[in-house]
Amino acid sequence: MILSFNDVGYTYHTKDGETNAIEHMSFGIKRGDFVSLIGPSGCGKTTILSLIAGLLKPSYGKIERENAEFGYMLQRDALFPWRTVEANIFLPLEVKKRNTPEMRENALRLAEKYGLKDFLKKKPTELSGGMRQRVALIRTLAAQPDILLLDEPFSALDYQTRLKVCDDVQSIIKSEQKTAILVTHDMSEAIALSDKVIVLSSRPATVVAEHVIDFGDNTPKSRRECPEFSQTFEVLRSELGL
């Protein structure tokens with residue numbers, strides 16, 4: 001396992017009291033897996049990502065990680081509008097003081113491999129929403145993280161763009177053999193993209209169920225066309241109490 005939670009809990013402490021966000025949570029993620037976390041709004045999904053990244057420490061229990069670096073992809077692309085696409089992609093290299101010729105060459109290789117070659121000198125405002133999210137993903141990959149943490153990165157896109165971007169992102173992540181953990185409210189998205197879906201309860205979050213998704217040819221399009229897709233959707237809907 002590249003990552004495992006072993007009986008993990010987390011409590012927020014404020015001047016108004018304590019809030020139990022997570023209780024007795026256990027799960028494991030293998031290297032190369034694409035895993036989705038789904039659950040009710042406010043159940044603590046983003047808190048789990050912060051615990052995974054080491055931004056928060058558990059109140060109890062143990063989080064075990066292989067020696068791994070993390071990359072974060074957020075709801076908004078957070079591209080700097082005054083920088084070109086190329087300069088935005090180089091940003092994590094500058095922040096992490098890894099802005100070497102070799103790392104820049106690798107970042108440009110990724111950009112060209114995944115369709116950004118003709119856009120490197122453009123500004124983000126000249127790109128569509130879907131293309132901006134592709135730039136955000138390549139920027140995240142530029143620093144060569146082992147695990148990608150995806151915090152609802154498609155939620156700001158319209159439905160048609162979202163489908164296309166989801167397919168693109170999953171293909172790129174699988175091609176680069178990265179481990180990915182996606183937080184989403186969208187059950188269809190979770191089923192289409194994931195090797196495993198972890199269902200969470202309302203706060204304090206616990207693991208309700210885990211589902212291995214192994215039908216279709218592991219592409220989102222083929223998954224959506226399988227009869228097992230609607231069956232799995234109904235199971236998830238029931239587990240979430242919808």
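**Reading helix 4 and the salt bridges**

Reader: How do you know that the length of helix 4 agrees with what a helix should span?

Author: This is a predicted model. Helix 4 covers residues 129–142, which is 14 residues. The expected span is 1.5 Å times one less than the number of residues. That gives 20 Å, and the end C-alpha atoms are 20 Å apart, so the two agree.

Reader: What makes helix 4 mostly covered?

Author: The count of buried residues does. A residue is buried when its relative accessible area is under 20%. In helix 4, 13 of the 14 residues are buried.

Reader: What phi does Gln-144 take, just after helix 4?

Author: Gln-144 takes a positive phi, about 60°.

Reader: Why is the contact between Asp-195 and Lys-174 called a salt bridge?

Author: The cut-off is a side-chain nitrogen of Lys or Arg within 4 Å of a carboxyl oxygen of Asp or Glu. For Asp-195 and Lys-174 the N to O distance is 2.5 Å. The pair therefore meets the rule.

Reader: What does the pair of Asp-195 and Lys-174 tie together?

Author: Asp-195 sits in the loop between helix 6 (187–193) and strand 8 (196–200). Lys-174 belongs to helix 5 (residues 159–175). The pair thus ties together parts that are 21 residues apart in sequence.

Reader: Is Asp-195 buried or exposed?

Author: Asp-195 has a relative accessible area of 16%. Buried means under 20%, so Asp-195 is buried.

Reader: And why is Lys-174 called partly exposed?

Author: Its relative accessible area is 30%. Partly exposed lies between the 20% and 50% cut-offs, so the label fits Lys-174.

Reader: How do you know that Arg-237 forms a salt bridge with Glu-234?

Author: Their closest N and O atoms are 2.7 Å apart. The limit is 4 Å, so Arg-237 and Glu-234 qualify. Both residues are in helix 8 (residues 227–239). They are 3 residues apart there, so about one helical turn separates them. Arg-237 is partly exposed at 31%. Glu-234 is partly exposed too, at 37%.

Reader: Which residues are joined into one network by salt bridges that share partners?

Author: Glu-69, Lys-96 and Arg-98 are.

Reader: What makes Glu-64 and Lys-62 a salt bridge?

Author: Their closest N and O atoms are 3.5 Å apart. That is within 4 Å, so the pair counts. Glu-64 has a relative accessible area of 37% and is partly exposed. Lys-62, at 49%, is also partly exposed. Exposed would need over 50%, so Lys-62 does not get that label.

Reader: How many salt bridges does the rule give?

Author: The count comes to 18.

Technical notes: Residues numbered from 1 in each chain as written. Predicted model: local features only at pLDDT ≥ 70, side-chain atom pairs only at ≥ 80, totals over all residues. Heavy atoms only, no water. Helix = DSSP H or I, 4+ residues; strand = E, 2+ residues; numbered from the N terminus. Buried < 20%, exposed > 50% of the residue type's maximum accessible area, 1.4 Å probe, protein only.
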